[in-house]
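User: Before I rely on the labels attached to this model, I would like to see the reasoning behind them. Please go through them with me.

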Amino acid sequence: MLIAGPILGRRRCAAVLGAVLTCSTVLAGPHPNAGGSTSAPSVPAPKLEWRPCVQGSPFDCATAGVPLDHGNPGGRRIELAVIKRKATGPGRRVGTLFFNPGGPGGPGTVQMPQNYASFPREVRERFDIVSWDPRGVGNSTAVNCFAIPKKPPRGARANRSASRWAHSSGRP
């Protein structure tokens with residue numbers, strides 16, 4: 001039997017959402033430090049001041065100040081752009097669903113509103129849906145994960161890639 005039209009779309013959407021929730025639950029598993037080994041220092045959750053992203057928009061935006069390195073919570077801090085759409089059935093609200101659009105490089109503050117209508121009606125009614133721009137993406141703080149050396153590594157002069165590196169970086 002061939003199924004077409006809106007029913008197929010709803011079934012496909014429900015199947016994808018079910019697979020994502022199942023995989024995230026199964027793959028997340030217990031935290032590696034759950035066995036009693038040392039853990040990273042505790043970092044309090046940031047307080048968010050939600051405001052409409054644009055006047056009259058159903059989406060609220062905030063900025064979360066977080067440590068760049070949770071292993072060093074007193075070190076450098078960065079800001080993450082966050083977006084939220086409140087549950088449309090507040091009396092039926094059961095919690096918050098965090099939406100990560102995947103990557104690399106996808107800004108959740110753009111992709112969540114673009115895909116909001118794809119969430120099943122029951123999910124939109126019962127959950128606040130929240131997403132964010134990962135570090136270095138969109139409106140979140142840009143980061144450089146690796147130190148940039150001031151000169152090529154020792155003995156790399158004969159290496160052509162070092163010459164290309166020096167040329168592309170504007171270094172002699």
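**Reasons behind the labels**

Analyst: T109 sits in helix α2. Bear in mind throughout that this is a predicted model.

User: Why is T109 called buried?

Analyst: The relative accessible area of T109 is 15%. The limit for buried is under 20%, so T109 is buried.

User: What makes the link between the side chains of T109 and D133 a polar contact?

Analyst: The distance is 2.8 Å. A polar contact needs a pair of N or O atoms within 3.5 Å, and the side chains of T109 and D133 make one. Not counting residues up to four places away in sequence, T109 also touches A81, V82, I83 and W132.

User: Which residues of α2 are buried, and why are they said to be on the same side?

Analyst: G108, T109 and M112 are the buried residues of α2. They cover an arc of only 95° around the axis, and therefore lie on the same side of α2. These buried residues pack against β2, β3 and β5.

User: What is the order of the strands in the sheet, and which are the edge strands?

Analyst: The sheet is open, has five strands and runs β1-β2-β3-β5-β4, with mixed pairing. The edge strands are β1 (51–52) and β4 (95–98), because each pairs on one side only and two strands count as paired if there are at least two bridges between them.

User: How do you know that β2 and β3 pair?

Analyst: Nine bridges join β2 (residues 59–67) to β3 (residues 77–85). Pairing asks for at least two bridges, so β2 and β3 pair, and they run antiparallel. One of the partnerships is that of A62, whose bridge partner in β3 is V82. Helix α2 (residues 108–115) packs on the sheet, where it touches β2, β3 and β5 (127–132), and its direction makes about 10° with that of β3.

User: Where is A81, and is A81 buried or exposed?

Analyst: A81 belongs to strand β3. Its relative accessible area is 9%; buried means under 20%, so A81 is buried.

User: How far apart are A81 and T109 in sequence and in space?

Analyst: They are 28 residues apart in sequence, while their C-alpha atoms are 7.2 Å apart. The two residues are also in contact. Leaving aside neighbours within four places in sequence, the contacts of A81 further include A62, S131, W132, D133, N139 and S140.

User: What makes the pair D128 and R93 a salt bridge?

Analyst: The N to O distance between their side chains is 2.9 Å. The limit is 4 Å, between a side-chain nitrogen of Lys or Arg and a carboxyl oxygen of Asp or Glu, so D128 and R93 form a salt bridge. D128 lies in strand β5 and R93 in the loop between β3 and β4, so the pair ties together parts that are 35 residues apart in sequence.

User: Why do D128 and R93 get separate exposure labels?

Analyst: D128 has 8% relative accessibility and so counts as buried. R93 has 38% and so counts as partly exposed, because that label covers values between the 20% and 50% limits.

User: How do you know that R92 and E125 form a salt bridge, and why is the pair said to tie parts together?

Analyst: Their closest N and O atoms are 2.4 Å apart, and the limit is 4 Å, so R92 and E125 form a salt bridge. R92 lies in the loop between β3 and β4 and E125 in helix α3 (residues 121–126), so the pair ties together parts that are 33 residues apart in sequence. R92, at 40% relative accessibility, is partly exposed, whereas E125, at 16%, is buried.

User: Where do R121 and E125 lie, and what joins their side chains?

Analyst: Both lie in helix α3, four residues apart, about one turn of the helix. Their side chains meet in a salt bridge at 3.0 Å, N to O. Salt bridges that share partners join R92, R121, E122 and E125 into one network.

User: How many salt bridges does the structure hold?

Analyst: It holds five.

Note on methods:
Residues are numbered from 1 along each chain as its sequence is written. This is a predicted model: local features need pLDDT of at least 70, side-chain atom pairs count only at pLDDT 80 or more; totals for chains, interfaces and linings use all residues. Side-chain values use heavy atoms; hydrogens and water are left out. Helices (H or I, at least four residues) and strands (E, at least two) are DSSP runs, numbered from the N terminus. Contact means heavy atoms within 4.5 Å. Axes are lines fitted to C-alpha atoms, for helices over the stretch in contact, and angles run from 0 to 180 degrees between N-to-C directions. Buried means under 20% relative accessible area, exposed over 50%, partly exposed in between (1.4 Å probe, protein chains only). The arc is that of the directions from the helix axis to the C-beta atoms. A polar contact is a pair of N or O atoms within 3.5 Å; within protein, one must be able to donate a hydrogen and the other to accept it, and residues adjacent in sequence count only if both atoms are side-chain atoms.
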